[in-house]
Each structure stands twice: as C-alpha cells, then as structure tokens.
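Reader: I'm new to this. Can you show me how to read a protein structure, one feature at a time?

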Amino acid sequence: MNNDVAAWDWVSFNPEEWADELLRVLKPQGNLFVFTSYNQIGRWHACLDHRFDTTNFMIWHKTNPAPKVFKAGFLNSCEMIFTCWNKGHTWNFISQAEMHNFFESPICMRPERLSNPHHPAQKPLALLRKIITIASNENDIILDPFMGVGSIGVAALQLGRRYIGVEIDAKYYEAARNRMEHEL
C-alpha cells in the first residue's frame, strides 16, 4: 500500500479490520508478509504484534526506482514488508547471509512487467520467490488477498506451492489467471 499510485490509495484501509481474518486463515506454522508503506507500518504493528510471537520488518531496496522529475524529495527506493510468525513457523534459512531483512532488486521491468493491464505495484518474481522459499515448503498454500496480476501466484507455482489469490478488479484477475495458466 503506497501513496497515490492508483485509485486504491484513495480508499480508507484499516489493517485492524483485517487482523481477525488473517489469523483465522493462517496455519500455525504460517508466516505473514505485508507489503506496506511507512505510514501504515505502525498500524500493522499495533494490531498484530500482540497476536504473534515475533513481528519484524524487511526492506526491499529498489535499485531502479521511478524518477522524480522535479527533484522535490527522496526517490521512493524502499518498500517496507511487515512480517509476523509464531513459534514452530516454517523458516528455510541455510546461512546467516540469507537472514538479512534487506533485499535489493530492481522493480519489475519488461518483459516480466505486464503492459496490458499495467499494474502500478507489480512485484518482481525474484523478490517473491525469495520470500516464498524462506517462509514455506513445497505443497504449502500461499494466500494472496490482493493478487493484482498474480505475481505471487506465478512465483508460488514455480516453487511447487499451491496458491489461492483474491482480486476484485476483473482486468487484473484475468491477467493473473492467464499468467498462472501459462505457468502451469
């Protein structure tokens, strides 16, 4: 959830309204990852920290962020990912080097980035595969309640995971369905 990248940024979003449902569907060994903006991370922390054994955050550093033509502030080169888990969660780290909460990769570019429909928050598959590999095992179910054009679904299928995605926008849903059918 970023500021002013699409119409959804003008809709009031309250993490507190999602907490109970997220916990209802999350398996005991599951992990929760929320791509969020700096102005929402405190709200996610306030409504979920007391419900999990551990909460933390990760930073995705975008090596090629969108430019600011008028140079009126910093580039939006970092995105926060709020994370939660309980004891007994799935965690697939091999070395200390993999345990950094800092990922660096470019934003999604062509040919991976879809142009029709264009989704302003499409995530790169390399980043999503890294998160899915760390936090799940083969045949686990990955749930994405805001699937957009299905990048998490594509990454999940590539890694042998099962996937459930929810999308309200018909054009994004169709793009996601086509991408996942192609992946299968």
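Reader: How many of the residues count as buried?

Author: Keep in mind that this is a predicted model. A residue counts as buried when its relative accessible area is under 20%. Here, 40% of the chain's 184 residues pass that test.

Reader: And which helices and strands should I look for, and in what pattern?

Author: You'll find five helices and six strands. Going along the sequence, they come in the pattern α-β-α-β-β-β-α-β-α-β-α. The radius of gyration is 16 Å, close to the 16 Å that the globule rule gives for 184 residues, so the chain is as compact as a globular protein of that length. Its C-alpha trace spans about 45 × 40 × 35 Å along the principal axes.

Reader: What do the contacts say about residues 24 or more positions apart?

Author: Take the contacts with a separation of 6 or more: 67% of them join residues at least 24 positions apart.

Reader: Let's zoom in. Where is Pro106 found?

Author: Look in the loop between strand S4 (102-105) and helix H3 (125-135).

Reader: Why is Pro106 called partly exposed?

Author: Partly exposed lies between the buried cut-off, under 20%, and the exposed one, over 50%. Pro106 has a relative accessible area of 41%, so it gets the label partly exposed.

Reader: Which residues does Pro106 touch?

Author: Leaving out residues up to four places away in sequence, Pro106 touches Trp60, Thr63, Asn64 and Pro124. As for Asn39, 67 residues from Pro106 along the chain, the two C-alpha atoms are separated by 23 Å.

Technical notes: Residues numbered from 1 in each chain as written. Predicted model: local features only at pLDDT ≥ 70, side-chain atom pairs only at ≥ 80, totals over all residues. Heavy atoms only, no water. Helix = DSSP H or I, 4+ residues; strand = E, 2+ residues; numbered from the N terminus. Buried < 20%, exposed > 50% of the residue type's maximum accessible area, 1.4 Å probe, protein only. Contact = heavy atoms within 4.5 Å. Rg over C-alpha atoms; globule rule 2.2 N^0.38 Å.
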